[in-house]
Amino acid sequence: METSSEFTPGNDFSVLDKEDSNKNDISKTRVRYYMLFLACFLCFGNYFIYDNPSALQTQLEDDLDISSFEFGMLYSIYSFPNVILPFFGGYLVDMMGVRIGIFIFSLFVTAGQAIFAFGVSIKSYPVALLGRGIFGCGGESQNVAQSAIVSNWFSGKELSMALGMNVSISRLGSVLNDVLEPALFEATGSVILGLWVGFGLCVASLVCGVFLGAIDKKRDRILGIQDKKLLPDSEKVKLSDIKTFGFSLWMVCVNCFVVYIDVSCFNNIASNYYQTRFDYSTQESGLIISITYAVAAILCPIFGKLVDKIGRRVILIMFSACCVTLVHVLFLVTPDSHKPVYPIFYMILLGLGYSIYASVMWASIPYLVEPKTIGTAFGVATSIQNLGLGVGPLIVGYIKGSTKKEDGYYWVTFFFVMMGLVGIGSAISIYINDMRTGGVLNSHDPRQARENCILSTPQLKKKVDEDLPENVKKWLSSPTSQKALRQSLVKQQHF
Ligand SMILES: C[C@H](NC(=O)[C@@H](N)CCCCN)C(=O)O
C-alpha cells in the first residue's frame, strides 16, 4: 500500500478536529438501516428482469419467432459490454460520485426494460435486443454503485452483513421472477404483462435510488465531505490508481472469475442438465434450480453477520470454493438415472457455497484497496466476473457440442471441476498473501488490522525518523496520539 501523503503537523492537528463532526455522523445512527433498506431494493428490479427471458423462454421464442441462438443473444448482449462497462462504471462512481452514478445506471436499467417490453409487444426482436443491451449498459454498474454506497455507510463490524442483505434481497428478485412470470403467463396467456411488471419494479428501484442519494447527500453535508468535483487533483481518483491494487485483490478477481463460472454458467444450463441427465420435466427442473438462489436469499445475511463477528474471510472463501467444487465432483460421479433425489441436495450444497461466497468475497474488496478506489475495485472485479460469464457459456457450449459421453455433460462437468480447483488454488494464494500482510482479511476487525499494518510500514517509519521535528516525534510516541492519528488518516482517506 502506498503511503505517499505529505505529513505536516499543522494539517494533522486540524484533521483531528474533525472528530467533532463525526459525532453528528448519521451513518452511526439508525438512519443507516433506512439507508440499507433502500440500497437493498435498488437492485431488486435489476435481478428480477435479468432472468425474465429464461423464465419465459418458450413463450418468447414463439412470440418473437427466434432460434435458441437468438434467444441466447438476449443474455450475451447484456454480458459482453459488461466486460468493459463496470470498470468504467466503478471509475465513474469514484470520479463523479456515487449518487449521480446510481441515478444514471438506474435510468439505463429502467429504460432498457421499457424498450425490451415494447419490443416484445410489437414482436420486434431487434428492438427487444436493443432493450437488453441498454439494460446491460446500467445493470452491472448499478450493482457496483450499490456496493460502493453501502461500503461508505457500513464498515468494520457491519459491512459483510450489509452487503449480504443486498445479495439476499436482490436474489429474492431472481426467485420472484422464477415464480411470478410463469404464473402471470398462465393467468393471462401473454408475456407482456410480466415484462411490464418488471418495468414497474425497476421504477420502484429507481425511486429507492433517488431517496438513497438524498440521504447520502445529507450525510456528506453534515460531515463536510467535499463534492468530488471540488477535490484537489491529488485527491481525485485516477485510472492509473489501478496500479496500486495489490496481489490479493487480483487473486480475488481470478477467484471470482472461476467461482462464478461454476455457479452462474452452471445455473444457465442446469434446467437442460436435469432434464437430459435425470429425466425431470421443465417445471420440475425450474423448481430444482431455483433452490440455489432461494437458499442464498435466506443465508446471505446470516453469513454476512457471522463473518462480521468472526472474520476468517479467506478461510470462508476457501470453504465456499470447496463446496462448489464438491458439487461438480458429485455430479461427475453420479450416473444418469430417472428422477433421483440426491441431485436436489447438490443444489442445496451449491446454494450454501454460493451464499458464503457472495456474502464474503464482495465484502472483502473494500479492505484490499484505498478507500477512494473502492468503486474502481468493485468495477474491476465485476468486469472480470463478466468476462467469465461471457466466455464460460461459449466454452461449455463448445465442450457439449464436441463430446458424446453423457450427452456432452461429462466433460462439461469436468470443466466445472477444473474451474473449482483453480478457485481453491487462488483462495490458498490469497490466504498466504494475507498472512504475510497483517492478516487483514482474516481479522474480525479488518480496519484495525489494516491501520496497524499501515503504521508499521518501513516507509512510514523512515519518514517519521527523518522528516519530523522533535516535538511532533514526542507527540507521536504516545499510544493515544498514535490511535488518533491512525483513525484520522483512515477517515481522511489517505489510505
Ligand atoms: C453479489 C453478486 N453480484 C453480481 O454477480 C453482480 N455482477 C451483479 C449481477 C446483477 C444481475 N443483473 C451476485 O449476485 O452474486
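Which element of the protein chain has the lowest mean pLDDT, and which the highest? Keep that in mind as you open this predicted model. Helix H1 (residues 9-17) has the lowest mean pLDDT, at 38, and helix H15 (residues 313-333) has the highest, at 96.

**Stop 1: the whole chain**

Start with the protein chain in cartoon view. It has 495 residues, and 47% of them are buried. You will find 22 helices and zero strands in its secondary structure. Of the contacts with a separation of 6 or more, 83% are between residues 24 or more positions apart.

Now colour by pLDDT. The chain averages 82, and 82% of the residues score at least 70. For the complex, the predictor gives an ipTM of 0.95 and a pTM of 0.76.

**Stop 2: where to be careful**

Select residues 1-20. Here pLDDT stays under 50, and the model has 17 contacts beyond four places in sequence for this stretch. Next, select residues 230-236, where the pLDDT is also below 50. Beyond near neighbours in sequence, residues 230-236 have two contacts in the model. Where pLDDT is low, the predicted coordinates should not be read in detail.

**Stop 3: the largest nonpolar core**

Select Val-252 and Ile-317. In the largest nonpolar core, which has 135 residues, these two touch the most other members. Then show helix H13 (residues 247-278), which gives the most to this core, with 17 residues. Where does the core lie relative to domain 1 and domain 2? It lies between them, because domain 1 (32-230) and domain 2 (241-456) both give residues to it.

Zoom in on Ile-317. Leaving out residues up to four places away in sequence, Ile-317 touches Asn-255, Tyr-357, Val-360, Met-361, Ala-427 and Ile-430.

**Stop 4: around the ligand**

Centre on the ligand and show side chains for the residues around it: Asn-46, Tyr-47, Tyr-50, Gly-139, Glu-140, Asn-143, Val-167, Ala-358, Trp-362, Thr-382 and Gln-385. Four helices each give two or more residues to this shell: H4 (44-50), H10 (125-153), H16 and H17. Try colouring the shell by residue type: five of its residues are nonpolar, five are polar and one is charged. Domain 1 (32-230) and domain 2 (241-456) both give residues to the shell, so the shell lies between these domains.

**Stop 5: two buried residues**

Select Tyr-354, which is found in helix H16. Is Tyr-354 buried or exposed? It is buried, because 28 other C-beta atoms lie within 10 Å. Not counting residues up to four places away in sequence, Tyr-354 touches Val-263, Thr-292 and Ala-296. Try the distance tool on Tyr-354 and Val-259: they are 95 residues apart in sequence, and 8.6 Å apart in space from C-alpha to C-alpha.

Move on to Leu-36 in helix H3 (residues 31-42). With 21 C-beta neighbours inside 10 Å, Leu-36 counts as buried. It touches Val-150, Ala-162 and Met-165, leaving out residues up to four places away in sequence. Leu-36 and Ile-100 are 64 residues apart in sequence, with 18 Å between their C-alpha atoms.

**Stop 6: along helix H18**

Select Gly-425, which lies in helix H18. Gly-425 has 15 other C-beta atoms within 10 Å, so it is partly exposed. Draw a line from Gly-425 to Arg-436: the two are 11 residues apart in sequence and 17 Å apart in space, C-alpha to C-alpha.

**Stop 7: two loops with a backbone surprise**

Which loop holds Lys-339? Look in the loop between H15 and helix H16 (342-364). Lys-339 has a positive phi of about 45°, although it is not a glycine. With 12 C-beta neighbours inside 10 Å, Lys-339 counts as exposed.

Finish at Asp-407, in the loop between helix H17 (374-402) and helix H18 (409-436). The phi of Asp-407 is near 55°, a positive value in a residue other than glycine. Asp-407 is partly exposed, with 14 other C-beta atoms within 10 Å.

Technical notes:
Residues numbered from 1 in each chain as written. Predicted model: local features only at pLDDT ≥ 70, side-chain atom pairs only at ≥ 80, totals over all residues. Core = buried A, V, L, I, M, F, W, Y, C linked by C-beta atoms within 7 Å. Buried ≥ 20, exposed ≤ 12 C-beta atoms within 10 Å, placed from the backbone. Domains from an automatic or database assignment. Contact = placed C-beta atoms within 7 Å. pLDDT = per-residue confidence, 0-100. Near = placed C-beta within 6 Å. Nonpolar A, V, L, I, M, F, W, Y, C, P; charged D, E, K, R; others polar.
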